[in-house]
Number of protein chains: 2
Amino acid sequence: MSDQTLDPQDWDRFRAETRDLLDHCIDLMQNAGERPWQHVPEGLEDSYAIGQTAAQGADVMDRLRTDVLPYHAGNTHPKYWGWVQGSGLSTDIAASMVAAVMNSNCGGRNHGANYMERAVIDWTRQKMGMPESAFGVFVTGTSQATAQAFAAARVKTLGKEVREAGQVGQRLTAYAAAGVHNATKKGLELIGVGSGNLRLVPLKDGRLDVTALKEMIAEDRAQGALPFLLVGTAGSVDLGLYDDFHALADVAAAESLWLHVDGAFGAWTRIAKEPYRSLSDGIERADSIAMDFHKWMYVSYDCGLCLVRDGEDLRNAFAARPVYLDGKERGVASGEPWFCDYGVDLSRGNRAIKVWMALETIGEEAFSEAITRNCDLAGFMAQEVQAQAGMALACDPVSNVCVFTAQTDLPAEAQSALNVRIAVELQESGEAVFSTTKIGDVEMLRAAIVNHRTTNAHIREAVQAVAALASA
Amino acid sequence: MSDQTLDPQDWDRFRAETRDLLDHCIDLMQNAGERPWQHVPEGLEDSYAIGQTAAQGADVMDRLRTDVLPYHAGNTHPKYWGWVQGSGLSTDIAASMVAAVMNSNCGGRNHGANYMERAVIDWTRQKMGMPESAFGVFVTGTSQATAQAFAAARVKTLGKEVREAGQVGQRLTAYAAAGVHNATKKGLELIGVGSGNLRLVPLKDGRLDVTALKEMIAEDRAQGALPFLLVGTAGSVDLGLYDDFHALADVAAAESLWLHVDGAFGAWTRIAKEPYRSLSDGIERADSIAMDFHKWMYVSYDCGLCLVRDGEDLRNAFAARPVYLDGKERGVASGEPWFCDYGVDLSRGNRAIKVWMALETIGEEAFSEAITRNCDLAGFMAQEVQAQAGMALACDPVSNVCVFTAQTDLPAEAQSALNVRIAVELQESGEAVFSTTKIGDVEMLRAAIVNHRTTNAHIREAVQAVAALASA
């Protein structure tokens, strides 16, 4: 009996209501430029409290229109460059709809979504220049990918026995440039290595100083620690800088370290035009790369990848199949390899379809151009900043990140206060979204442009708005 | 210029194509009963390979119809009871569409999706009977929730210093009933405690034997280990059994252990009718519960929750905010607490909206009835099995899991081979999906009914199909 399921009792009505909602969603996407971030009203959380009884489908859809959709996070707007937040794609709608209706668990078994995920991983592997031995697993994002890659690095270093024995009695040390993203610290904490065993290597010319690195490794060995992991950065969080991956790979090889690259956004210069593509030269020599598609490949949240040079290393860290998860030769339980053997998750939604839809519909070349344009826009922002009296760059942008202070003629503390005030006022007025970060003693305005909707005009308007607030 | 974005150049065409796809998706959902799992054709993975150039939107949508949607994982079909895989809800379509268009990063900042997630967590907290101090974080699923809860347990035991120091020099031990889900082992491996430090406690009357547990704890203390974690099971993977949570909570309190409950599916008997609700009595005393909404709350993959009795314990394990993630009083960067401080993920999509849409549209009472009905159906399956000559139950179902062998009049090995063959043949014919698991020496057929589309008739047909194959 139909009333014994949770499916709609009236499919026609359900269809009409869902169609209307789709139309509204497309309107919103089409008009993204008119919809900046806005502060949520008082009491919104209470208004979301789950009610005791069911409502009419149409009423809930109305609430989506009035109480939910308006309070997006802002990152779909063309003048949003805060933190590193992708701007979303039209293809996400179809991809998400199909993923919802298929409702595939991509942890394993034999069904299409797993084959699609493998195809998207293989495309990424090729773009990153990794050999055919490489494999990976889609995850929420770089933080997850980082922790899982580190777990693989530990197993590679200490052997599979460490899975059973635990990391007791052996201090492992890791290395990364000062300013490495916090995901590296959190990953080391989660797996029990400890963030105190992360050595922060000073920068030289904006890159991890390899000479200092070697000295630190030698010191740690002398003190009985076992160096196991070197983390390179493709696109530093503050300034969008890149380590010299060839130099890091040489040290990693000589010292038997696992080379991991935090490529959350920056790995994607691999498909940009020059001069940006060269920034990530040598990334193909990494043992693992953590990267997000929801940043600089623009797809909707969440969608990241842990890509490992030798898929077996990931498998050695995670594979475990009790009898109730046994694979079979035929039927639903066939279809090896299963993704649950390559990471933490046994239950996994279909993230790869967002990337597949985007690349198949929009095409790799358009992504290459958009990524390149974002870097050019950071350069254009730098020009506009330099044309304004009193403003100054933290440094010349190398990729898609432009950091500057609105007024150099102030003590550091006052500059910081001014920059923070400007950021907040631009956010609240809906004019533009910069985030802030500290460079030296000054908290500065920061734009990380991973936004395919941004034009030169948007950049110019935003810098002028900063100037107006700075002189007000 | 519009051609400088990745948005559609022709929004009207995009709208028409996406509408058509929506109609097709709704057709498929409406006809879920006609669409069992089917084997993917040879070469499907190659057909998914990312092309060099963009295609027409309509062509890609056609490929979704012909090459993607048909090869779902089977779990939307009313006769799918393999593993523990939810069947999906109509409300997932609107929820996923809205989440895609909003494209919110729920790691932090001030926007609606975070408030919605808090509201859904609060609803769950109330249903689980936890105090207002409880908080949590949506994750992919129970495997993630388990690892993160364990990390919180370690920090609670060893202090926040362990985050920096790493777990060096202190052997921690954990306890769970024999047959605990593999997620517990993998979680202990990931965080570096080591699965060898998980002590498997024998069962007594289907529940963790508390007397044996106490002895093991004493032994481990005597050997210098530090017992820190007790894992209870709400709904065991093999048979759907429940530990005695009051007894476990008493031991945990006396021994200063963190009590975690694996409630992947079984936690949801909390909202079922009696006699099933009582199965999870005492779950409110847990320090943490890992649970999935994509299993027995039926929403689409992936959607799990790590719920912790004292939210501060989770925060102590994960909070870390460098200056570029500083919260502000006003603007986009306000809105504390941020979910990134309560787990691994900094980039997080909006999972809670699937639960919100489902509960607001369908209503809690309908879920309560569906969950209750699933348990009743397991009981009905048991009756049908017992009515068949030669078939036998592994045990009387207590919740939604029914495990049986198709023919007792065979040696164990031959029984196993027969059961596996029957499972595969029913899967391949599209008749029904059972998985298999080993009970004692025999690999048996197993149905875990988390499917709101299943009726008594489906159960009867499936058991008769098993009987026909067993006697063939």
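In the predicted model, A:Asp262 has a relative accessibility of 5% and therefore counts as buried, the cut-off for burial being under 20%. This residue belongs to strand 7 of chain A, which runs over residues 258-262. When neighbours within four places in sequence are set aside, A:Asp262 is in contact with A:Thr142, A:His181, A:Gly232, A:Thr233, A:Ala234 and A:Ala290. A:Val403, by contrast, is separated from A:Asp262 by 141 residues in sequence, and the two C-alpha atoms are 20 Å apart in space.

The chain around this residue contains 15 helices and 13 strands. Its radius of gyration is 24 Å, close to the 23 Å that the globule rule gives for 472 residues, so chain A is as compact as a globular protein of that length. Along the principal axes, the C-alpha atoms of chain A fill a box of roughly 70 × 70 × 40 Å. Buried residues account for 67% of the 472 residues in the chain, and 72% of the contacts between residues at least 6 apart in sequence join residues at least 24 apart. The accessible surface of chain A amounts to about 14,600 Å², with 46% of that area belonging to carbon and sulfur atoms. Chain A carries 42 positive and 62 negative charges, and the mean positions of these two sets lie 5 Å apart.

The largest nonpolar core comprises 267 residues, of which A:Trp268, A:Trp356, A:Phe367, B:Trp268, B:Trp356 and B:Phe367 touch the most other members. For B:Trp268, residues up to four places away in sequence being left out of the count, the contacts include B:Trp123, B:Thr124 and B:Met128, together with B:Met291, B:Asp292, B:Phe293, B:Trp296, B:Met297 and B:Ile371.

Two helical residues illustrate further settings. A:Ser416 is found in helix 14 of chain A, which spans residues 412-429, and its relative accessibility of 12% places it among the buried residues. Beyond its neighbours within four places in sequence, A:Ser416 is in contact with A:Asp441, A:Val442 and A:Glu443. B:Glu365, in helix 13 of chain B (residues 364-386), has a relative accessibility of 40% and counts as partly exposed. Between B:Glu365 and B:Glu431, which are 66 residues apart along the chain, the C-alpha separation is 31 Å.

Several loops contain backbone features that call for separate description. Most residues other than glycine have a negative phi, and most peptide bonds are trans. In chain A, however, a cis peptide bond with omega of about 10 degrees joins A:Glu274 and A:Pro275, and A:Pro275 is placed in the loop between strand 7 and strand 8, the latter covering residues 288-292. In chain B, a cis peptide bond with omega of about -15 degrees joins B:Tyr301 and B:Asp302, where B:Asp302 is found in the loop between strand 8 (288-292) and strand 9 (304-308).

Positive phi values in residues other than glycine occur at A:Asp205, near 55 degrees, and at B:Arg109, near 75 degrees. A:Asp205 occupies the loop between strand 4 (203-204) and strand 5 (207-208) of chain A, and it is exposed, with a relative accessible area of 75%. B:Arg109 lies in the loop between helix 4 (91-102) and helix 5 (112-128) of chain B, but it counts as buried, at 5% relative accessibility.

Technical notes. Residues are numbered from 1 along each chain as its sequence is written. Chains are lettered from A and ligands numbered from 1 in the order in which they are written. This is a predicted model: local features need pLDDT of at least 70, side-chain atom pairs count only at pLDDT 80 or more; totals for chains, interfaces and linings use all residues. Side-chain values use heavy atoms; hydrogens and water are left out. Helices (H or I, at least four residues) and strands (E, at least two) are DSSP runs, numbered from the N terminus. The radius of gyration is taken over C-alpha atoms; the globule rule is 2.2 Å times the number of residues to the power 0.38. Buried means under 20% relative accessible area, exposed over 50%, partly exposed in between (1.4 Å probe, protein chains only). Contact means heavy atoms within 4.5 Å. Accessible areas come from the Shrake-Rupley method with a 1.4 Å probe; for residues, only the protein chains shown count as cover. Lys and Arg count as positive and Asp and Glu as negative; His and the chain ends are not counted. The place of a charge is taken as NZ of Lys, CZ of Arg, CG of Asp or CD of Glu. A nonpolar core is a set of buried Ala, Val, Leu, Ile, Met, Phe, Trp, Tyr and Cys residues joined through side-chain atoms within 4.5 Å.
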